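Trainee: I'm new to this one and would like a close look at a single part. Please walk me through the charged side chains and what surrounds them, and then show me how that part sits in the whole.

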Amino acid sequence: VQLQASGGGLVQAGGSLRLSCVASGRTFNINGMGWHRQAPGKQRELVASITRSGDTNYADSVKGRFTISAEIYKRAVYLQMNSLKSEDTAVYYCNQVILGTPYWGQGTQVTVSS
């Protein structure tokens, strides 16, 4: 299973970005998908997750600004990020849990300038 993330970049504070992540390979039975991020000098943290049934979970720091969505049949997960802040600057990683095993994408850099 390979995950390909895209959509990162440089944006001014208050701006928006949309991240995408598509899985390829043996991707049947996706249990859940999500986005994590890791800022320099910090641990990787969960940003948002979504289950196969559509239940979502968000970190408190992004509630009301970020929206996670998924298209299971396309094996894709998205993260719409609005009202970006400088503290959102990080490498964002997508992950998908398939048959109970987590798989990770390569990461995409998001930089928010103030």
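**A close look at the salt bridges**

Mentor: Let's begin with Lys74, which counts as partly exposed because its relative accessibility is 44%. On this scale, buried means under 20% relative accessible area, exposed means over 50%, and partly exposed is what falls in between, using a 1.4 Å probe and protein chains only. Keep in mind that this is a predicted model, where local features need pLDDT of at least 70, side-chain atom pairs count only at pLDDT 80 or more, and totals for chains, interfaces and linings use all residues. Residues are numbered from 1 along each chain as its sequence is written, and side-chain values use heavy atoms, with hydrogens and water left out.

Lys74 has a partner, Glu71, and the two form a salt bridge whose closest N and O atoms are 3.8 Å apart. Here a salt bridge means a side-chain nitrogen of Lys or Arg within 4 Å of a carboxyl oxygen of Asp or Glu. Glu71 is partly exposed as well, since its relative accessible area is 24%. Elsewhere, Arg37, Glu45, Arg65 and Asp88 are joined into one network by salt bridges that share partners. Another pair is Asp60 and Lys63, with 3.1 Å between the closest N and O atoms of their salt bridge; both of these residues are exposed. The rule gives five salt bridges in total.

Now zoom in on one pair from that network: Arg37 and Asp88, whose side chains meet in a salt bridge at 3.0 Å, N to O. Arg37 sits in strand 4 (residues 30-38) and Asp88 in the loop between strand 8 (76-81) and strand 9 (90-98), so this pair ties together parts that are 51 residues apart in sequence. Strands (E, at least two residues) and helices (H or I, at least four) are DSSP runs, numbered from the N terminus. Both Arg37 and Asp88 are buried. Arg37 earns that word because its relative accessibility is 6%.

Arg37 has plenty of other company. Its side chain makes a polar contact of 2.9 Å with the side chain of Tyr92 and another of 3.4 Å with that of Ser61. (A polar contact is a pair of N or O atoms within 3.5 Å; within protein, one must be able to donate a hydrogen and the other to accept it, and residues adjacent in sequence count only if both atoms are side-chain atoms.) If you set aside residues up to four places away in sequence, Arg37 touches a whole crowd, including Glu45, Val47, Val62, Phe66 and Ala90. Touching, or contact, means heavy atoms within 4.5 Å.

Next, hop over to Arg75, in the loop between strand 7 (66-71) and strand 8. Its phi is positive, about 60°, although Arg75 is not a glycine. With a relative accessible area of 35%, Arg75 is therefore partly exposed. The backbone oxygen of Arg75 lies 3.3 Å from a polar atom of the Gln96 side chain. Gln96 belongs to strand 9 and counts as buried because its relative accessibility is 0%. Leaving aside neighbours within four places in sequence, Gln96 is in contact with residues that include Leu3, Cys21, Ile30, Val77 and Tyr103. Leu99, in the loop between strand 9 and strand 10 (101-104), also has a positive phi, about 50°, without being a glycine. Leu99 counts as exposed, because its relative accessibility is 53%.

Leu3, one of those Gln96 contacts, takes us to strand 1 (residues 2-6), where side chains alternate: Leu3 and Ala5 point to one face and are buried, while Gln2, Gln4 and Ser6 point to the other and are not. Strand 1 pairs with strand 3 (residues 17-24) in the antiparallel sense over five bridges; pairing needs at least two bridges found by DSSP. In that pairing, Gln2 stands opposite Ser24 in strand 3.

Finally, step back to the whole chain. There are eleven strands and zero helices, and 40% of the 114 residues count as buried. Among contacts with a separation of 6 or more, 53% come from residues 24 or more positions apart. The C-alpha atoms fill a box of roughly 40 × 25 × 25 Å along the principal axes.
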